[in-house]
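Trainee: I have a structure open and would like to learn how to read its features. Could you take me through them?

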There are 2 protein chains.
Amino acid sequence: MDEKIISARTLRRLPVYLHYLNSIQDHCRNISATAISEEFGLNDVQVRKDLNAVSGTGRPKTGYVVTELIAQIESVLDCRTESKTVLVGAGNLGKALLSYEGFRDFGLNIIAAFDNSPTICGTLVNGKPVLPLTDLETVCREKHIQLGIITVPASQAQEICDRLAACGITAIWNFAPTILRVPAGVLVENENLASSLAILSKHLRAEKGGAPT
Amino acid sequence: MDEKIISARTLRRLPVYLHYLNSIQDHCRNISATAISEEFGLNDVQVRKDLNAVSGTGRPKTGYVVTELIAQIESVLDCRTESKTVLVGAGNLGKALLSYEGFRDFGLNIIAAFDNSPTICGTLVNGKPVLPLTDLETVCREKHIQLGIITVPASQAQEICDRLAACGITAIWNFAPTILRVPAGVLVENENLASSLAILSKHLRAEKGGAPT
DNA sequence: TCCTGATCGTTAAACTTTTCACAATTGGAA
DNA sequence: TTCCAATTGTGAAAAGTTTAACGATCAGGA
Ligand SMILES: NC(=O)c1ccc[n+]([C@@H]2O[C@H](COP(=O)([O-])OP(=O)(O)OC[C@H]3O[C@@H](n4cnc5c(N)ncnc54)[C@H](O)[C@@H]3O)[C@@H](O)[C@H]2O)c1
Ligand SMILES: NC(=O)c1ccc[n+]([C@@H]2O[C@H](COP(=O)([O-])OP(=O)(O)OC[C@H]3O[C@@H](n4cnc5c(N)ncnc54)[C@H](O)[C@@H]3O)[C@@H](O)[C@H]2O)c1
């Protein structure tokens with residue numbers, strides 16, 4: 001294994017590069033770090049360091065071979081290996097995520113959704129079954145689920161989280177605005193949309209206040 | 001104005017604190033930075049510095065008065081001032097955002113949504129009208145819209161972005177997986193869900209590979 | 001063949017964020 | 001009253017991240 005330590009910051013930028021590379025691969029054979037940096041308004045050395053962390057096959061004058069770079073990023077992000085996933089809470093947000101195919105590119109495979117509302121259970125969303133919550137443990141254990149998405153109301157999130165962790169799930173993507181307590185070894189990624197909103201509000205305010213941002 | 005410079009990192013943590021403070025305000029009069037730090041698994045000095053940036057009214061031995069702290073964070077985040085907002089692209093994700101009331105706490109007020117699909121236009125989602133895209137400019141100008149949410153397919157995002165910017169909107173919340181080019185003075189906040197997914201995938205992979213994370 | 005300029009990769013510097021260490025304050029118990 | 005333990009606030013160290021500077025490489029044209 002020629003693994004280098006990839007910083008979290010770099011890791012977060014890789015999907016962005018990957019999406020861009022995919023979009024240009026049909027009409028570009030090579031791409032330079034400089035060109036990517038311009039595309040994203042980043043510093044070119046930063047991009048070069050990011051790419052160097054996953055690739056190392058950049059060549060002076062020509063840059064990187066697009067398809068090669070895609071493969072290397074996909075390898076680091078492990079896009080080819082499917083992450084077997086369940087989603088709990090098939091409400092508005094849950095259904096949107098279930099319907100979205102864009103995460104397939106990153107290996108996400110939602111096997112099933114769970115909900116405790118009888119009106120939703122039994123339906124299919126984007127071809128994926130919504131099952132009663134009581135089946136959660138059985139399905140997770142039988143299908144060897146690795147990743148759990150939580151889109152239930154905040155008040156229910158910790159309980160769901162505990163149950164997921166108890167099934168051996170070690171990665172949780174939490175959309176509820178709560179902090180979850182998990183056993184060691186389980187990673188929670190909180191999708192905190194309010195944080196982004198705070199940044200935007202601040203910008204609007206700064207503008208009105210007079211100080212340029 | 002006794003404004004201090006608040007770092008972006010701090011700004012992102014404030015909504016998290018705020019949500020927690022709101023949840024405890026009924027049964028707690030005071031709260032210490034230490035207690036908050038334990039709740040979130042952060043360093044206590046970091047929390048103290050964050051709070052100090054917005055408050056400065058912490059007292060030794062007792063900590064902060066919860067209601068006071070809430071008011072101060074709300075003031076910094078400018079939660080009381082409504083951000084007049086439009087959403088473009090009333091698809092799965094757009095409808096989920098339209099239906100969500102949680103952002104009201106942060107001053108978000110979605111006035112209307114726009115879509116170019118005739119089947120969606122004219123409907124109401126959570127009491128909010130979905131209008132034809134052709135009305136975008138008129139509404140934005142007449143209602144003095146400040147913030148735009150983009151939930152259209154990636155291929156359409158730049159065009160929508162341009163139109164929003166042309167209406168004088170200076171803050172854009174982009175959910176499409178593209179980088180948007182904007183005039184100076186316009187702030188784009190990209191909600192990149194794939195980045196979080198990358199972190200989770202990496203964790204799963206590291207686990208299987210043997211190296212503990 | 002030999003330049004030239006684009007590009008890479010790396011080391012060092014600048015900057016940011018987090019953590020540590022410690023003095024200062026204060027409410028309440030002895 | 002006096003002391004103690006909890007807690008704040010802050011300057012300095014440490015860790016992490018971004019930017020700058022520069023030599024090395026190499027494709028393609030003179
Ligand atoms: N919709 C958004 O745009 C948005 C944005 C940010 C955060 N969130 C958060 O995401 C979560 C879901 O939001 P939403 O808008 O989809 O809400 P929603 O009410 O539409 O959906 C919640 C779903 O969870 C189900 N549910 C409730 N308790 C459950 C339990 N114990 N087990 C299984 N299922 C249960 C409900 O039946 C419902 O279908 C909330 O925590 C919300 O704060 C939503
Ligand atoms: N659904 C998710 O969970 C999710 C997650 C991450 C990112 N995204 C991104 O969010 C965006 C929307 O995703 P979605 O799942 O809601 O897709 P969707 O297809 O359900 O919705 C897109 C909507 O935009 C409308 N639209 C298309 N072109 C338009 C235009 N030029 N002007 C106005 N409206 C237009 C369509 O009519 C449709 O209603 C996409 O860019 C997607 O990549 C979605």
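Mentor: Happily! Let's begin with a single polar contact: a nitrogen atom of ligand 1 is 3.2 Å from a polar backbone atom of Ala96(B). Keep in mind that this is a predicted model.

Trainee: Which other polar atoms lie close to an oxygen atom of ligand 1?

Mentor: Asp115(A) offers a polar side-chain atom 2.5 Å from an oxygen atom of ligand 1. Gly91(A) takes part through its backbone, with a polar atom 3.5 Å from an oxygen atom of ligand 1.

Trainee: How should I read the wider surroundings, and which residues come nearest to ligand 1?

Mentor: A residue counts as near when one of its heavy atoms lies within 4 Å. There are 25 residues around ligand 1, and those that come nearest are Asn92(A), Leu93(A), Asp115(A), Val152(A) and Tyr100(B). Because the residues surrounding ligand 1 come from chains A and B, this site is shared between chains.

Trainee: And which residues come nearest to ligand 2?

Mentor: Tyr100(A), Asn92(B), Leu93(B), Asp115(B) and Val152(B) come nearest, out of 25 residues around ligand 2. This site is shared between chains too, since residues from chains A and B surround ligand 2. For its polar contacts, look at Tyr100(A), where a polar side-chain atom lies 2.8 Å from an oxygen atom of ligand 2. Two residues to check for backbone atoms are Ala96(A), with an N or O atom 3.2 Å from a nitrogen atom of ligand 2, and Ala154(B), with one 3.5 Å from an oxygen atom of ligand 2.

Trainee: Now the DNA. Which residues are closest to DNA strand C?

Mentor: Arg48(A), Tyr64(A), Gln46(B), Arg59(B) and Pro60(B) are the closest of the 25 residues that surround DNA strand C. By class, that surface has six nonpolar, 10 polar and nine charged residues.

Trainee: What share of the DNA strand C atoms within 4 Å of the protein belongs to sugar or phosphate?

Mentor: The share is 64%, and the rest belong to bases. You can find individual examples of each kind. Arg48(A) has a side-chain N or O atom 2.8 Å from a phosphate oxygen of DNA strand C. Gln46(B) places a polar side-chain atom 2.8 Å from a sugar or linking oxygen of DNA strand C. For a base, see Lys49(A), whose side chain has an N or O atom 3.3 Å from a base oxygen of DNA strand C.

Trainee: Which elements give two or more residues to the surface near DNA strand C?

Mentor: From chain A they are helix 2 and helix 3 (44–54), and from chain B helix 1 (8–24) and helix 3 (44–54). Helix 3 of chain A gives the largest share, four residues.

Trainee: How do I describe two helices that pack together?

Mentor: You give the angle between their axes and the distance between those axes. Here, helix 1 (residues 8–24) and helix 2 (residues 33–40) of chain A pack at an angle of about 105°, and their axes are 12 Å apart. That angle makes helix 1 of chain A roughly perpendicular to helix 2 of chain A. Helix 1 of chain A makes the contact with Val16(A), Tyr17(A), Tyr20(A) and Leu21(A), and helix 2 of chain A with Ile36(A), Glu39(A) and Phe40(A). Six of these contact residues are nonpolar, none is polar and one is charged.

Trainee: Finally, where are the domains of chain A?

Mentor: The domain assignment places domain 1 at 8–77 and domain 2 at 83–195 of chain A. Taken over C-alpha atoms, the centres of domain 1 and domain 2 of chain A are 31 Å apart.

Definitions and conventions
Residues numbered from 1 in each chain as written. Chains lettered and ligands numbered in written order. Predicted model: local features only at pLDDT ≥ 70, side-chain atom pairs only at ≥ 80, totals over all residues. Heavy atoms only, no water. Domains from an automatic or database assignment. Axes fitted to C-alpha atoms, helices over the stretch in contact; angles between N-to-C directions. Parallel < 35°, antiparallel > 145°, perpendicular 65-115°, else oblique. Contact = heavy atoms within 4.5 Å. Nonpolar A, V, L, I, M, F, W, Y, C, P; charged D, E, K, R; others polar. Polar contact = N/O pair within 3.5 Å; in protein donor to acceptor, adjacent residues only side chain to side chain.
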